[in-house]
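Thank you for making time this morning. I would like to walk through some side-chain contacts and one sheet, and I would ask you to keep the structure in view while I talk.

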Amino acid sequence: MREGDWEIKKTGKDTCSVERYLGSDDEISIPVKIGGYTPVEIGPRFLRKTSKVRSVSLAKTVEYIDPEGFSSWRNVGSVSADGRKLRSRDGVLYDGSFRTLVFYPPKKEDRDFEAPDTLRRVQQGAFSATVQFRTFSFYGGFGEFSAKPSECPFLECIAALEDGELSTREGVLFKGKKLLFYPPAKKADEYSIPDGVESIEFCGEPAFPPAVSKLQAPESLKSGLAENACHAGFIDVRFGNSAYVSRSGVLFARRDGKLVLYPEGKKDSLYIAPHGTLSVASGAFRRAQARSVVLPRSLVHIAGYAFESSAIEDLVIPASVSDIDIRALAGMDALNTVYVEPRSVADVFISGSSLAGKKRYIESI
């Protein structure tokens, strides 16, 4: 129902959720009563994506804000609250005990953010509208940083002000033997993951930005490298690593001969995969910039979407390949020619696909 500039929804006999702000002011204050109802919640569509609202003042009665809506609060620079469940400090929104950071306004212009010493976690969605601070500092009790690189595009350094569950090294955030977050604006074109790190957190986006052209993995690393290193130009893995091996800057699984990542920042126009490669993983060549790729006669399997969104124009598939996923060549928009051997599995596969007109036999190379 609509009450003035507010669209509300009943949640109880005398309470409501504020579903939308329908006005045009750039500073808004949610009242303690709207149409006789007490607002206790704010819904995910409270602000339009085109909203120009700069500041939001919450009624003391508001206890919950759906975090899915924060991505539309993109022009907000300050939030004020003084309720039992939600409180603010310096324009930043926390829970009532200042233990959880609920929302950091994306238009807040401070270059440095020092978290309260009471802060224990940053909830998911708190930075979803792309915050502007360059440094993030925290105290020893802090233990959960839920953020994606795209949500903190200007972040250069994370600093631990006291010893605690989380630690930092060279501005990078760690939790024990796990690398949690690499600041996307950190000024470095090379990065060596510290010895002792065993895994890298994956949040749905690669941890390392395109600015990191060379990435070195230690002997200790066991998981998370392929998912997080795709923007790199060259990947180097220390000798003795039991999970990974790198060959000419390309990442392989050590135990099963699987090519897991051809980094999209690698500039070579021709790539000849080494003999001994047994399979190509899903997404291994995603957004790869190589124009021509030759797969070796040791290869057996090609997974689905292995070359998706790549710049590959010419692809050579040997007769040794006996298993090709039906979506193996999906998303190869730049492909001009695929070379196969007569009567091979690849020959039959290509002949029965939409790529049949691009098929050539290897003898013609």
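Let me start with Arg247, whose charged end sits over the ring of Phe252, 5.1 Å from the centre of that ring. Please bear in mind throughout that what we are looking at is a predicted model. A second arrangement of this kind involves Arg89, and here the charged end sits over the ring of Phe98 with 4.1 Å to the ring centre.

From there I move to the aromatic pairs, of which the structure holds 28. One of them is formed by Trp6 and Tyr21, whose ring centres are 5.2 Å apart and whose planes stand at 55°, so this pair is classed as tilted. Trp6 belongs to strand E2, residues 6-10, while Tyr21 belongs to strand E3, residues 15-21, so the contact ties together parts that are 15 residues apart in sequence. Both Trp6 and Tyr21 are buried.

Another tilted pair is that of Phe127 and Phe145, with 6.0 Å from centre to centre and 55° between the planes. Phe127 is found in the loop between strand E13 (121-122) and strand E14 (135-138), and Phe145 in strand E15 (residues 144-145), so this pair ties together parts that lie 18 residues apart in sequence. Are these two residues buried or exposed? Phe127 has a relative accessibility of 0% and counts as buried, and Phe145, with a relative accessible area of 12%, is buried as well. Both residues also belong to a cluster linked by ring pairs, which comprises Tyr104, Phe113, Phe127, Phe133, Phe136, Phe138, Phe142, Phe145 and Phe181.

Let me turn to the salt bridges. As a general reminder, side chains of opposite charge can pair when their charged atoms come close. The structure holds 16 salt bridges, and I will go through three of them before mentioning a network.

In the pair of Glu313 and Arg291, the closest N and O atoms are 3.5 Å apart. This salt bridge links distant parts of the chain, 22 residues apart, given that Glu313 sits in the loop between strand E30 (301-302) and strand E31 (314-316), and Arg291 in the loop between strand E28 (279-280) and strand E29 (292-294). Glu313 has a relative accessible area of 27% and is partly exposed, and Arg291, at 39% relative accessibility, likewise counts as partly exposed.

In the pair of Arg327 and Asp325, the closest N and O atoms of the salt bridge are 3.6 Å apart. Arg327 counts as partly exposed at 38% relative accessibility, and Asp325 also counts as partly exposed, at 21%.

The third salt bridge joins Lys359 to Asp347, with 2.8 Å between the closest N and O atoms. Lys359 lies in strand E34, residues 359-361, and Asp347 in helix H2, residues 345-351, so the pair ties together parts that are 12 residues apart in sequence. Lys359 counts as buried at 18% relative accessibility, because the cut-off for that class is under 20%, and Asp347 counts as buried at 7%. Elsewhere, salt bridges that share partners join Asp90, Lys108 and Asp110 into one network.

Strand E34 brings me to the sheet. What is the order of its five strands? They form an open sheet in the order E27-E29-E31-E33-E34, and the pairing is parallel. Strand E27 (270-272) and strand E34 stand at the edges with a single partner strand each, so one side of each is left without a neighbour in the sheet. Neighbouring strands of this sheet are turned by 15° against each other on average, with direction ignored. If you look at the E27 edge, E27 and E29 pair in the parallel sense over three bridges, and Leu270 stands opposite Ser292 in E29.

I will finish with one polar contact. Thr100 has its place in strand E11, residues 100-103, and is buried, with a relative accessible area of 10%. The side chain of Thr100 is joined to that of Arg121 by a polar contact of 3.5 Å.

Conventions: Residues numbered from 1 in each chain as written. Predicted model: local features only at pLDDT ≥ 70, side-chain atom pairs only at ≥ 80, totals over all residues. Heavy atoms only, no water. Salt bridge = Lys/Arg side-chain N within 4 Å of Asp/Glu carboxyl O. Helix = DSSP H or I, 4+ residues; strand = E, 2+ residues; numbered from the N terminus. Buried < 20%, exposed > 50% of the residue type's maximum accessible area, 1.4 Å probe, protein only. Pairing = 2+ DSSP bridges. Axes fitted to C-alpha atoms, helices over the stretch in contact; angles between N-to-C directions. Phe/Tyr/Trp six-rings, centres within 6.5 Å; stacked < 30°, edge-to-face > 60°. Lys NZ or Arg CZ within 6 Å of the ring centre and 35° of its normal. Polar contact = N/O pair within 3.5 Å; in protein donor to acceptor, adjacent residues only side chain to side chain.
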